[in-house]
Amino acid sequence: MSIDQDAETRHILDCFRDRLKRIIQVEPLLDQLHFLGQDRRDKIRAKSRADGDISAAALLIDDIIQTQHDKGWPRELITALETAGCTHAVNYVLNSPPDPTEEAENDSCVRLIDLMHLTLVNMKTADVCAHCCSLELLTREDQENIMKATENLGNINGARVLLKRLVKNEVGWFSKFLQALEETEHHELVRELRGEPCHEDESMSVETHQIRTVETDPVMNGSMPVLSANSSLVSEDLDSSVDSSVLGASAENEDVDMYKGQEEEEGDPTEEGDPTEEDDDDPSASKRTIELRDYQMEVARPALEENNIIICLPTGSGKTRVAVYITKEHLERKKQMGQPGKVVVLVNQVPLVEQHYKAEFGWFLKHQYSVERVSGASQLKISFPQIIAENDIIICTAQILENSLAKAKNSDEDRIKLSQFTLMVIDECHHTKKGNAYNHIMIRYLKQKHKNQLLKKQDKSPVAIPQILGLTASPGVGGAMSQMMAEQHILKICANLDAYTIKTKTLGEEEAKTPFKRIARAEGRKKDPFGDVIKKIMDEIHTHADLLPTCEPGTQNYEQWAVQKEQNAAKEENQKVRVCAEHLRHYNEALHQSNTIRMSDAFRFLNKYHNEELKTKSSPDEEGTVTITDTERFLFTLFKDKKAKLEELMGKPEYENNNLAQLKTIILKEFSTRAVARGIIFTRTRLSALALCQWIQENPKFDEVRVSASYLIGGGDQSVVKPMTAAEQKDVLQRFRKGEINLLIATTVAEEGLDIAECNVVIRYCLVTNEVAMIQARGRGRAEDSSYTLVAEAGSGVAERESVNEYREKMMSKAIAKVCKMNRADYEKKIREFQIQAIIEEKVKIKKQQQKGLMKESPSKISLSCRQCSVFVCSGEHLEIIENMHHVNVNEQFSKLFIVRENTSLQERLLDYETNGVIACKNCGQQWGSMMLYKSIECPCLHIKNFVVTYGSKKKTFSKWSELPIRFPAFDYTQHADLLVEDSDEEDMDVD
């Protein structure tokens, strides 16, 4: 190699010095660099041991650049880098660095790993290491070093070595790492790295079709791309381009800053009086005027010019008031033009229907226009189409509108069309994604829009479609890991809503009220004898069932492991392992609870579970005896033996978790130092919301500072805790608004949309989800001098995930600024591409559903057996379906196999049927479903999750009936009613 080439290599090393020192693995490289003297290599090794790889790599690069070497050293350097597994560094030394975009994406991934470090080190290091090696992310030497660290220093230290090595790979390593995590069942870690929500899904009484309880789809966006990354998480570019004094404020665009809160405008009905009281006789009602502030008028202007827009303003800055003003102007303009005007306001939660009616649209407009609201909780006795025909403004849940639009395709008499509306307001429009009712409605809109373009080309009259107005405080980034992907996410939302533009505005100091933010870290427990007892119980169960868990009890990974064991054991008819895995899940949950709520709450949870399990082993009179297996007897005895010790330990406050102590300190400080305190605590589960509320109510210290607490949880029936009804939710919010309650403990149901009275204390308790939830929760602190506190246990990874969300928030703000600045032609081209893609995907989906429907097989192909004792239950031929939802078996033979117990949950009248009791296996007591009374006929309703399905030669478990490719016949009410009448006549004859 010539002298010129030597100089060029030195110049390249100098240019890429900062990059190379971060990706070179010093120790294995030094073994290959023979052109460096032994003393120089020893000095660099010593530097590595003393100051770390980066300092040692910097010294190595200096030595190579500044010292003369034997001929051919550049080639030896490249070979050494390749042998040491530093292929990423080789590309730089050969002056072939990655594309700047790819390089920035890679930096993002590195930074994310750094932010998530405390969470990632709890991975199953050995398993992940093996998979990374098979994916060629690690060399054999790397694997040996990682396993050596794991064996000698523990799992966490091994994980640190693995992560340190992993980020030095060349571009593309991140997606392979996600693959390795998926294959080793680290699903929770994958979701967190993708920015997907990981917490219990809460819903507020959202209805589907005619049933008011619904299974919700946890998938927020089915089209989420495989992660790539951008925007230099590891470089200084992002931080230098963002005003660090204001989260989300882009220095490139002063007009974009969505995350400073602001109170509702003067004249807010919640300040003048109780907006929930009817005011038809109020003489001042007709004089109410809507006055917008300058920034509100500015964002409203394109909509007043009849353009489709998205208004993106912080929580509490008056988005809904702007929508009311636009609605009023729209209807007045239509009236002046002699054209019909009709507005539909769509919301995604039942309580929001009443809220928008009472506090906004009805308050300002019902004395000029006819305004009506409709939801699953409405008591109206007329049809939805009739309500639409008779009113100017209709406020309803999106699902009700979607149901009615779907009926139009089936030529149902109860049908409506989008063309009946002239303006559609979509609240919390960032939910316009795949699988959401908003998106189903907008797909219909987009299809008609593109049909209209064809009609115009054919000189035919287009079908009318409404103007669209979307409202949101936080569109999020959809799990994007790069600036480019964040921009794509914003553009997709704009395309889904057919938006001409997205309007936002930086609020001035007078309008903006940003809560003071702090992170309160609680020290980990020094001693946890309560948890130790539970772990010993779990160890005894492991031994009894020959189980070897691959992760620590009390973690999400353990929960997933136990679930998988239970499912596999059910299919294999291994009742011993199945019932043990089920008990282990509950002990694992109790461990988690003892780390966030009181030990006594965790104990009560376990005690209640065991009492309920024991009840399943007792049968009603003259119903026979339920079998108790040796394993069940072992499990019941095990808990009984340890029960006294657990009760003793739960009474010792010195062993409580420090998170509660930290929370107590914060609440007492906030409520004792403020003249008027009003707060909300967000927690992960319904159970913890109830437990925290009880803890506060029972503690006299909180009484001393005048804390009056209540809880607010969701209305969906997907938890061990009884859900709140819409009326109960409304009552709590009303009492909070009046000041009867000044501290709400809520699940994530209260984060978004609900008009919760001004708070000056917002606390997220051991809870971090995604950036949208963070922004929404922080936005609850609308009052002056508000505080936003995250309580997190040190080392739990919660605080680190909050940092990730803050980064994504900045990314979102910059993405919106970029979209706002796009060239009009480029913007419209992108929007059209996304819309065509959405329409095609919808057509493909419908086609697949139709094919799937045609492929559905006969019910005779399946049979059901009890999930617990494996006894044969019935053939699929005996199953019928009511309301396209409820699978029943009214076969006489089947009735001999189960017992009926009292339904301890509230009996609820649902249309033509009601649930009267629980049906359970006569052999083992396993719950099978519920007894329904459908039009006076008793129908045993089966829940598929309680059975093992034999399908052909395979045994499978399912969580939903819809997962089965079987077409069940509709329930023949007339046939069964006739049989009942015949039986009744025979009985009467016998009596005669």
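The following exercises, each with a worked solution, concern a predicted model.

**Exercise 1. The nonpolar cores**

Task: Identify the residues with the most contacts inside the largest nonpolar core, and state which helix gives the largest share of this core.

Solution:
1. The largest nonpolar core contains 49 residues.
2. Inside this core, the residues with the most contacts are Leu346, Phe384, Leu401, Met424 and Ile426.
3. Helix H23, residues 483–496, supplies the largest share of the core, namely seven residues.
4. A second core, separate from this one, has 42 residues, including Phe682, Ala709, Ile763 and Leu767.
5. Ile426 may be examined further: leaving aside residues up to four places away in sequence, Ile426 touches Leu346, Thr432, Tyr438, Met442, Ile468, Leu469, Gly470, Leu471 and Leu497.

**Exercise 2. Glu487 and Ile840**

Task: Determine whether Glu487 counts as buried or exposed, and whether Ile840 counts as buried or partly exposed.

Solution:
1. Glu487 is located in helix H23.
2. The relative accessibility of Glu487 is 15%; buried means under 20%, and Glu487 therefore counts as buried.
3. Apart from residues up to four places away in sequence, Glu487 is in contact with Ala815, Lys818 and Val819.
4. Ile840 belongs to helix H35, residues 824–855.
5. Its relative accessibility is 49%, so Ile840 counts as partly exposed.
6. Together with Ile836 and Val844, Ile840 makes a nonpolar surface patch of about 230 Å².

**Exercise 3. Glu648 and Phe530**

Task: Give the separation of the C-alpha atoms of Glu648 and Phe530.

Solution:
1. Glu648 lies in helix H28, which covers residues 630–650.
2. With a relative accessibility of 40%, Glu648 counts as partly exposed.
3. Along the chain, Glu648 and Phe530 are 118 residues apart, and their C-alpha atoms are separated by 9.1 Å.

**Exercise 4. Aromatic pairs**

Task: Classify the pair Trp173 and Phe174, then the pair Tyr558 and Trp561.

Solution:
1. Two quantities describe a pair of aromatic rings: the distance of the centres and the angle of the planes.
2. Twelve aromatic pairs are found in the whole structure.
3. For Trp173 and Phe174, the ring centres are 5.6 Å apart and the planes stand at 80 degrees, so this pair is edge-to-face.
4. Trp173 and Phe174 are both buried.
5. For Tyr558 and Trp561, the centre-to-centre distance is 5.1 Å and the angle between the planes is 50 degrees; this pair is tilted.
6. Tyr558 and Trp561 are also both buried. Both lie in helix H25, residues 556–571, three residues apart, about one turn of the helix.
7. Elsewhere, one aromatic cluster is formed by Phe894, Phe898, Trp928 and Phe947.

Conventions: Residues are numbered from 1 along each chain as its sequence is written. This is a predicted model: local features need pLDDT of at least 70, side-chain atom pairs count only at pLDDT 80 or more; totals for chains, interfaces and linings use all residues. Side-chain values use heavy atoms; hydrogens and water are left out. A nonpolar core is a set of buried Ala, Val, Leu, Ile, Met, Phe, Trp, Tyr and Cys residues joined through side-chain atoms within 4.5 Å. Buried means under 20% relative accessible area, exposed over 50%, partly exposed in between (1.4 Å probe, protein chains only). Helices (H or I, at least four residues) and strands (E, at least two) are DSSP runs, numbered from the N terminus. Contact means heavy atoms within 4.5 Å. Patches are made of residues with over 30% relative accessible area and no salt bridge: like charges are joined within 9 Å, nonpolar side chains (Val, Leu, Ile, Met, Phe, Trp, Tyr) within 5 Å. Accessible areas come from the Shrake-Rupley method with a 1.4 Å probe; for residues, only the protein chains shown count as cover. A salt bridge is a side-chain nitrogen of Lys or Arg within 4 Å of a carboxyl oxygen of Asp or Glu. Rings of Phe, Tyr and Trp (its six-membered ring) pair if their centres lie within 6.5 Å; planes under 30 degrees apart count as stacked, over 60 as edge-to-face and the rest as tilted.
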